[in-house]
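Visitor: I'd like a walk through this model, strand by strand where we can.
Guide: Happy to; let's put it on screen and start with your questions.

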Amino acid sequence: MKEDRVIETILEKMDRMLELEEETLRIISREGEKRELKPLDALTLLDLPDHLRKTAMVMNKLKEATAKEVADETERERSIESAYLNQLHREDYLLKRREGRKVIFYFPEE
Amino acid sequence: MKTIAIHSYRGGTGKTNIALSMAECLARREKKVFLVDFDLRAPSLESFFEYKPSYFVNDFLTGRCDAKDVFVKAEGFNDGLFLGFASSEIREIKEAMREDKRKQMKILSRILNGKDLLKDEVDYLIVDTAPGLRYSSTNVILSSDLVLLVSTLDKSDLDGTKRMIEEIHEILDMPHFVIINKVPEGVSGEEVSKEVGDKLSQKMICTILCYCEVMSLRGRQTIFHQQPEHPFSRAIEEIVDKIS
Ligand SMILES: Nc1ncnc2c1ncn2[C@@H]1O[C@H](COP(=O)(O)OP(=O)(O)O)[C@@H](O)[C@H]1O
Ligand SMILES: [Mg+2]
């Protein structure tokens, strides 16, 4: 549907804005490029707030995914998953990279 | 596929006997059941059988084989029971007990992916766990659809079970039931309810008495396998009715 496409585009733009904001914040706070990721092990998962735990569990399984792919597993809205994934990223549980129009969340390969 | 974890606060409450009996019960009801020993600290499923598996659960968790490679078909169980054993080598036990967060995160991921691989072929995945709150059991609880908590009437056992429910199962919104095992003969139902308390009573699906016949089999066979009409076996049927 046409409206869906419009919403999708707006969401992508919002993602991009969020990213820019993060980049700016990072530059301002002069944080190093390489930040140490925190592990998402079972006991850490138990301490996460409910809404983030579901997202984190799916990421634990998929290892690398877009918000859409996570939403397919959790059966929640893509935009909601995008917000949760970004929160996990800001709290240093996940890495994030952009490939064209897609934003991919992932854990680093060992 | 339904994944059921058999867990307890303390050791020796009867988890392994109940897990194996439930698995056999479901297999007799024409279900395809995978039973796996996740008590990596003190494996005990192997003592009931004489199989020499090519791979142990430990091999799966460390990426040395796939989930399906671990399971051995049990002979004489209606062709419906498959078993996954844990290694009893001290080296493997030590390795499995390492509380390294990153390693445990990888293990949780292997469990979640392994489950996905089995889900279309299996009706029930029953997981026998290590008692208490350690990584091996928490990983399993997080990956389950239902947790059965086995407790005796001992005060510390009941208190610990209640705390675990409040701090884990309720927070995770994880479906769970309580089984009270080894109830001494002559203790009335009322007395049991009083000991167990309101909170656990609401979740209690079965009480099983203490039977010397169970103990006399010395962990080599279940009474369920040997005597289908025994009250222990009937209790298992009752549990299976309630969870299936
Ligand atoms: N209802 C029962 N009556 C008597 N003995 C029991 C009963 N249930 C379990 N046992 C005995 O208790 C011991 C521990 O049982 P087990 O199934 O190995 O527990 P867990 O796996 O929780 O450590 C075994 O010796 C077993 O025979
Ligand atoms: Mg046991």
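Visitor: How many bridges join β1(A) to strand β3 of chain A?
Guide: Before we start, keep in mind that this is a predicted model. β3 of chain A covers residues 102-106, and β1(A) runs antiparallel to it. One of the pairings puts Ala65(A) opposite Phe105(A). The number of bridges joining β1(A) to β3(A) is two.

Visitor: And over how many bridges do β2(A) and β3(A) pair?
Guide: These two strands also pair in the antiparallel sense. Arg97(A), for one, stands opposite Ile104(A) in β3(A). The count for β2(A) and β3(A) is five bridges.

Visitor: Which residue in the turn of that hairpin has a positive phi?
Guide: β2(A) and β3(A) form the hairpin, with two residues between them. The phi in question is about 60°, and the residue is Gly100(A).

Visitor: What is the strand order in the open sheet of chain A?
Guide: The sheet has three strands with antiparallel pairing. β1 (64-65) and β2 (95-99) of chain A each have a single partner strand, so they stand at the edges with one side lacking a neighbour in the sheet. Reading across, the order is β1-β3-β2.

Visitor: In what order do the elements of chain A run from the N terminus?
Guide: There are five helices and three strands to place in chain A. From the N terminus on, they go α-α-α-β-α-α-β-β.

Visitor: What is the radius of gyration of chain A, and why does it count as being as compact as a globular protein of that length?
Guide: For 110 residues the globule rule gives 13 Å, and chain A comes close to that, so it is as compact as a globular protein of that length. Along its principal axes the C-alpha trace spans about 45 × 35 × 25 Å. The radius of gyration of chain A is 14 Å.

Visitor: How far apart are the mean positions of the positive and negative charges of chain A?
Guide: Chain A has 22 positive and 27 negative charges to average over. For a sense of the surface, the accessible area of chain A is about 7100 Å², with 53% of that belonging to carbon and sulfur atoms. The two mean positions are apart by 3 Å.

Visitor: Over to chain B. What radius of gyration does it have?
Guide: Chain B has ten helices and eight strands, and its C-alpha trace spans about 50 × 40 × 35 Å along the principal axes. A compact globule with 244 residues would have a radius of gyration near 18 Å, and chain B agrees with that. Its value is 17 Å.

Visitor: What percentage of the residues in chain B are buried?
Guide: Buried here means under 20% relative accessible area. The tally runs over 244 residues, and chain B still exposes about 11000 Å². The buried share of chain B is 54%.

Visitor: Among contacts in chain B between residues at least 6 apart in sequence, what percentage join residues at least 24 apart?
Guide: For chain A, the share worked out in that way is 53%. For chain B, the share of such contacts joining residues at least 24 apart is 77%.

Visitor: How many residues of strand β2 of chain B are buried?
Guide: β2(B) covers residues 33-38. Val33(B), Leu35(B) and Asp37(B) point one way, Phe34(B), Val36(B) and Phe38(B) the other, and all are buried. The strand is therefore largely enclosed by the rest of the structure, with a buried count of six of the six.

Visitor: Which residue is the bridge partner of Val36(B) in β5(B)?
Guide: β2(B) has parallel pairings to consider: four bridges join it to β4 (residues 81-84) of chain B, where Val33(B) partners Leu81(B). With β5 (residues 124-129), β2(B) pairs in the parallel sense over six bridges. In β5(B), the partner of Val36(B) is Val127(B).

Visitor: Is His230(B) buried or exposed?
Guide: His230(B) sits in the loop between α9 (223-226) and α10 (231-243) of chain B. Beyond its neighbours within four places in sequence, His230(B) is in contact with Tyr211(B), Glu213(B) and Ile223(B). Its relative accessibility is 6%, so His230(B) counts as buried.

Definitions and conventions
Residues numbered from 1 in each chain as written. Chains lettered and ligands numbered in written order. Predicted model: local features only at pLDDT ≥ 70, side-chain atom pairs only at ≥ 80, totals over all residues. Heavy atoms only, no water. Rg over C-alpha atoms; globule rule 2.2 N^0.38 Å. Contact = heavy atoms within 4.5 Å. Areas by Shrake-Rupley, 256 points an atom, 1.4 Å probe, with all protein chains shown as cover. Lys, Arg positive; Asp, Glu negative; His and termini not counted. Charge placed at Lys NZ, Arg CZ, Asp CG, Glu CD. Pairing = 2+ DSSP bridges. Buried < 20%, exposed > 50% of the residue type's maximum accessible area, 1.4 Å probe, protein only.
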